[in-house]
2 protein chains.
Amino acid sequence: MRRDDGRPPRLEPSADAWSLVETRFEPELFGKCESLMCSGNGYLGLRAAHEEDYAGQRRGLYFAGSFGRAMEGESVELPNCPDPAAMEARLDGERLDLLRLAPLEYRRALDLRSGELARDALVRTAAGRTWRLRHARFASLADPRLIAFRFEARPLDGRGSVELRFGIDGRVANAGVQHFAEGEQRVLGRSILRYAARAPGSGFELELSLVSGLAGASERAAERPGHPRFEVDRRRIVREDSFAIERGGVLVFERFVLVRASSGALDATEPVALPDPGDYGRLLAESRNAWSDFRESAPDLDTDALDDQLALRVALYHLRAMTPDDGGSSSIGAKGLTGEGYRGHVFWDAEMFMLPFLQYGRPELARGILEYRVRRLDAARRRAAARGYEGAMFPWESAATGDEETPERAGLDPHTGNLAPVWSGLKEHHVTADLAWAVAKFREATDDDAFMDSGGAALVFEAARFWRSRAAEGPDGALHINDVVGPDEYSEHVDDNAYTNYLAKACVDAALELARAGHPAAPAEAELERLRDFSARIHLPEPRGDGVLPQDAGFLSLPELDVSAYRAAERKQAILREHSREDLNGLQVLKQADAVMLLFLMPERFTREVALATYRYYEPRTVHDSSLSPAIHAAVAARLGETDEAYRRFIEAREVDLGPRPHSSDDGVHAAGFGALWMALVMGFGGFRVADGVPRFEPRLPTAWRGFAFPLRFRGRRLRVEARGGGARIELLEGDPIEVELYGRRARLARGEAIDGKR
Amino acid sequence: MRRDDGRPPRLEPSADAWSLVETRFEPELFGKCESLMCSGNGYLGLRAAHEEDYAGQRRGLYFAGSFGRAMEGESVELPNCPDPAAMEARLDGERLDLLRLAPLEYRRALDLRSGELARDALVRTAAGRTWRLRHARFASLADPRLIAFRFEARPLDGRGSVELRFGIDGRVANAGVQHFAEGEQRVLGRSILRYAARAPGSGFELELSLVSGLAGASERAAERPGHPRFEVDRRRIVREDSFAIERGGVLVFERFVLVRASSGALDATEPVALPDPGDYGRLLAESRNAWSDFRESAPDLDTDALDDQLALRVALYHLRAMTPDDGGSSSIGAKGLTGEGYRGHVFWDAEMFMLPFLQYGRPELARGILEYRVRRLDAARRRAAARGYEGAMFPWESAATGDEETPERAGLDPHTGNLAPVWSGLKEHHVTADLAWAVAKFREATDDDAFMDSGGAALVFEAARFWRSRAAEGPDGALHINDVVGPDEYSEHVDDNAYTNYLAKACVDAALELARAGHPAAPAEAELERLRDFSARIHLPEPRGDGVLPQDAGFLSLPELDVSAYRAAERKQAILREHSREDLNGLQVLKQADAVMLLFLMPERFTREVALATYRYYEPRTVHDSSLSPAIHAAVAARLGETDEAYRRFIEAREVDLGPRPHSSDDGVHAAGFGALWMALVMGFGGFRVADGVPRFEPRLPTAWRGFAFPLRFRGRRLRVEARGGGARIELLEGDPIEVELYGRRARLARGEAIDGKR
């Protein structure tokens, strides 16, 4: 069982597909599990490193919005905070080490309904004695300040002794970079450990209090005299307990970590009551209850493909666990709070990939994501001005301030042996159109005019101004957007990227629409005139004769490259080991959906023929080196009725994090991929889209599914969509009557009414 | 073999006692071996962490004198530098992990004659295939810039494949604190890794170049196509090689790390030639040759107690490996360059414990240690002035500048739960007398007047001035030194500490002696008069009626405490878990030799009766919580003819680092303990002392030894001392005729002559 046969096992669904399960102790999967089994509540994220220390583990505790710069020359990032989770256990004096004591039984499972992570193991010590052990933990969704741990030890061969060594360890760092000054360490009342630390780079302050002790559930277990013992060391405060367990007894030891941080919406000054050993069960019940609305928002599949069902639940668990509820002081990073990938920075991912699930499920949380941008509108205005543009130019990568945080160089140029330049920060401008798009879609889904008035509209107007100033008139008399990077980051410095131009027009049109509706923040007539001119003259790439939409002005005339080997490679972006970004720039090689992303966003805009031809042309040329890519392809293929192709891509999307690649998620989960997976189901197989304010559905089933159902919030209503066999039903569960469309048939539903349809 | 039976094995001597051997892979001993098997050449120290990563390992690479402050609130310390040693190996695709693949054979040995550390292992993979592996390394004493690594892999069941992953890792830090800014990472010529980094806190600059490749000694082994591969990541540059080995073949892969640092005497700008794979053997031979003079200076024991012989050789190996040769820009820290204990700071240890071995063996290196102090005389002058004293007041703990670096608080007060105050930095003044003592003894041993003229004498004069200003006249009309901490740090704020007062007088007398000899730097007559007055009136505690010398004015009247339990405790300073420093201050409890240290330094000064009574009184009250303590007791007991008691303490001293305590040396070896071990032999059992410029010897053998011999440099001569049975012989091997004394009999020896004597 403990053998490393080179084929690391996959993570599996439990029988009810409500738990993500690791069935054997596998060091190759440390990073993957740390991220995928991460505990989180939108306020903090705690990576699922084992309590014991093992080489290759990366402990992590991160707080939403706690960005800071550790030292000169470093990027702004989320600091990795002092660790309260590690705990060394000795059984009859022997250190618990699952590498040495190959467990006879092993199961680690994250319960997606409660967020509890529990590890059960049966081990035999070198001395030949058997123990049943359980380590459990959760970060409370009911009180985001609380992280709870529970340890159960049962000696099966008579009496035994257990020594525990744990505490708060300020030695953790971000890849060796320390954000915090030496903390203040105290032991209160010979019992509670307290560690307070401050990050000079940001002023972020953190105080951890660790309460621990024997729980009432213990039987025939008692602390030994002379304990607990305490120790302080550099950046570390430690407690040692020692217990004797009689025959037939069990030790239950609980630890509670109370957090007070100067980030987020929680008031760090408000005193928090410390729980008592024994409270774990009650506190878990409270948290499980807080998770209930997430359970209601999760789609259900009727299928034997439990991996599909699990993937959707894992995706939604993480989307909830990583979404802050702080009214816009922070947003969602590309890895959420599950790892240090991209330094916790915010990309278009948040609005274009995670936002849809939120706005159709938890609109109030979705609004916070957009508020984050509104609050940083001034930074975007400054950036536009600095670059010689008008309006607001949003950063490709941002953190706390809204300034551009994209590194200038990254990765090794295989030819020169030096770091390669990164152009996204300078050239990937479509994000400013994406945000306006997201605001418009959010309003469409929520009718939240208050948000529009409190900055949403201003964002759209400022974005539109930017695009007008960004475009340049060409010899053909049309307006062109030159020298950009589109979503496909393997194509740099391109002109008239289709995605960018279409989205820019949509942005300007949204501004004009708001103005027509007489929004008070609308620009003056002269400026509106310029916007109308932009909308009229902006060059929109048209499909070729064969229906293929050109990704950009030059792409279709570039030489081609067979990318199948790189698509199958063990690791993402393996292509960059052999080709420099400059090489790729000269080839018809896509990192991810670009024109296809456009098809996804604007189904009405292109004929089925164009969409099909475009999809079929680009997909084989796409390496899918971005987690954003496969699910978008799945959605587009599903809407085109290509359900087999769609399902293939859906599986590919599901496997981005949950697939066999052992190191797929070491630096954190792929948050946008999770959002995209939900979109593949709802907008792809569910065929959900909104046109003229009417929600429309054209559900289609892949052969692997007998049916699916998902809830949807739309303008204050709660709808339920169910697909089965060749048909579907839309039901209005809550809210005022509303018009919906199923398979092209319109119906007005009152509460409790449903419409059924067949394809 | 891989079982953890709770009784970690000891490190053992090889049959010839020239190697320190670990006979089984034992995680409990990681820290101990990392320190005791540390590679070093006085310029750098590389901890002996395994090439593979294991939890609990602490990698460390330190450069003499590279002190800096990483961030505000941190102490100045030796930065832990980017690691070039780690290497992951995969055998037939399976990761080499000695915790999982319990080795069938295992032996790790540090050869004390060459400094080469070699680990031999026979492992069976999960796939059931057997491999013979050897990992070897050394830090060259011939070219201190060079660290070399060699890896040998032999598949015993036919063909096999080996993948290697290694590089330079800038993520290492000092207990989670990072000194270096992100480094510059390059791959030169698709082969050489280069990592350059700078520590903003100190300006210390470091460049590591890593050359690697297949050595000619390989047989039927070839690199696979597509390799080597390279990768850069945050603070890390990685190379991956992949080899196919045919049946009967062997892979020999060598790595050479060339260091250029802005610290130390080596010119960082001078270009260094990079070795080629295959050069390992030649370079090792050069280093082994450079170690030869160390081998000559090592004492020989004729005994079956190989542990005694080994301990002396380990001690001398480390003393050499940690002694810089940079003419005083740096000195020797309490842990040398083997760990982060005491942050690499310099204490009285260097002059009072390590210096004697150096001055009687390698006088030119010894001079550097004193130059370090001379160069920091101004800082000591400033410190004296700042504290309202005259002359020079040296810091208790110092680093680069010579300023006081002792932390103000450390350890947990068991009663309050807060950090406890540390008084050494403010009150442990004897160091200023110790340095003058060391200078006088160095001159006595070397006749190095040039050193005296270039600052040695100035140091003595300034120290004497300090003591005159430090003393205060009491009601008895005598001069007293109040409120100090003596060598026994469990007694704080004491008056007239015997050690301090006697050493202060010796310091002033040494100054007066230099003045009498008409040294040009001598102070004016008025000041000399004040020094004479000090010498005449300083209060020197006298023995009580029973012969016991009072450690200080109040000690003998304090309540007593049975310390036997703490002496036997698994860990040092266990007493501080139950008693606060304040508690101990009110008890007759000694941390270490204090009055006994005085007996050791001034054998002439006290009668045998006083010495015996004093020793017998204090020893049982001493916890020996300092590594400086047991060997000094051994030396004093041996000179008193108590050879059994002396041998017991000698073993205790030997076991400070080499004994069974698994974590004795995690933070580094006990450098002063090593120096003291040599003194226990030479000055204790050898009975060596110098009086009126004449070296005197009264060798005595513990029953466990048949004999011993050691070389000694004295005033340009090379002497050899040999003891056997009840007698001994002193031989002049080199240099002008000299008068020596053996068992009270004087003789003038010409080169090649010897004197024999019996007790």
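Helices and strands here are runs assigned by DSSP, counted from the N terminus, and with that numbering in hand the tour of this predicted model can start at one helix of chain B.

**First stop: helix α11 of chain B**

Select residues 498-516 of chain B, which form helix α11. At 1.5 Å a residue, these 19 residues should span 27 Å, and the C-alpha atoms at the two ends are indeed 27 Å apart, so the expectation and the model agree. Colour the helix by burial next: 14 of the 19 residues of α11(B) are buried, and the helix is therefore largely enclosed by the rest of the structure. Then move just past the end of α11(B) and pick Gly518(B), which takes a positive phi of about 75 degrees.

**Second stop: chain A as a whole**

Now show chain A alone, where 20 helices and 33 strands can be traced. Turned along its principal axes, the chain has C-alpha atoms that fill a box of roughly 90 × 60 × 55 Å. How does the radius of gyration of chain A stand against that of a compact globule? For 759 residues a compact globule would have a value near 27 Å, and chain A has 27 Å, which agrees.

Of the 759 residues of chain A, 65% count as buried. Among contacts in chain A with a separation of 6 or more, 65% are made by residues 24 or more positions apart. If you switch on the surface, the accessible area of chain A comes to about 25,300 Å², with 47% of that belonging to carbon and sulfur atoms. Colouring by charge brings up 103 positive and 121 negative charges in chain A, whose mean positions are 3 Å apart.

**Third stop: Arg235(A)**

Select Arg235(A), in the loop that runs between β19 (229-233) and β20 (236-261) of chain A. Is this arginine, Arg235(A), buried or exposed? Its relative accessible area is 0%, and because buried means under 20%, Arg235(A) counts as buried. Add Arg171(A) to the selection: it is 64 residues from Arg235(A) in sequence, while the two are 5.9 Å apart in space, C-alpha to C-alpha.

**Last stop: Ala148(A)**

Finish in strand β13 (residues 146-155) of chain A, where Ala148(A) lies. With a relative accessibility of 0%, Ala148(A) counts as buried. Which residues does Ala148(A) touch, leaving aside those up to four places away in sequence? They are Ala136(A), Arg137(A), Phe138(A), Arg255(A), Phe256(A) and Tyr280(A). For a distance to display, choose Leu210(A), which is 62 residues from Ala148(A) in sequence and 9.7 Å from Ala148(A) in space, C-alpha to C-alpha.

Note on methods
Residues are numbered from 1 along each chain as its sequence is written. Chains are lettered from A and ligands numbered from 1 in the order in which they are written. This is a predicted model: local features need pLDDT of at least 70, side-chain atom pairs count only at pLDDT 80 or more; totals for chains, interfaces and linings use all residues. Side-chain values use heavy atoms; hydrogens and water are left out. Helices (H or I, at least four residues) and strands (E, at least two) are DSSP runs, numbered from the N terminus. The radius of gyration is taken over C-alpha atoms; the globule rule is 2.2 Å times the number of residues to the power 0.38. Buried means under 20% relative accessible area, exposed over 50%, partly exposed in between (1.4 Å probe, protein chains only). Contact means heavy atoms within 4.5 Å. Accessible areas come from the Shrake-Rupley method with a 1.4 Å probe; for residues, only the protein chains shown count as cover. Lys and Arg count as positive and Asp and Glu as negative; His and the chain ends are not counted. The place of a charge is taken as NZ of Lys, CZ of Arg, CG of Asp or CD of Glu. The expected span of a helix is 1.5 Å times one less than its number of residues.
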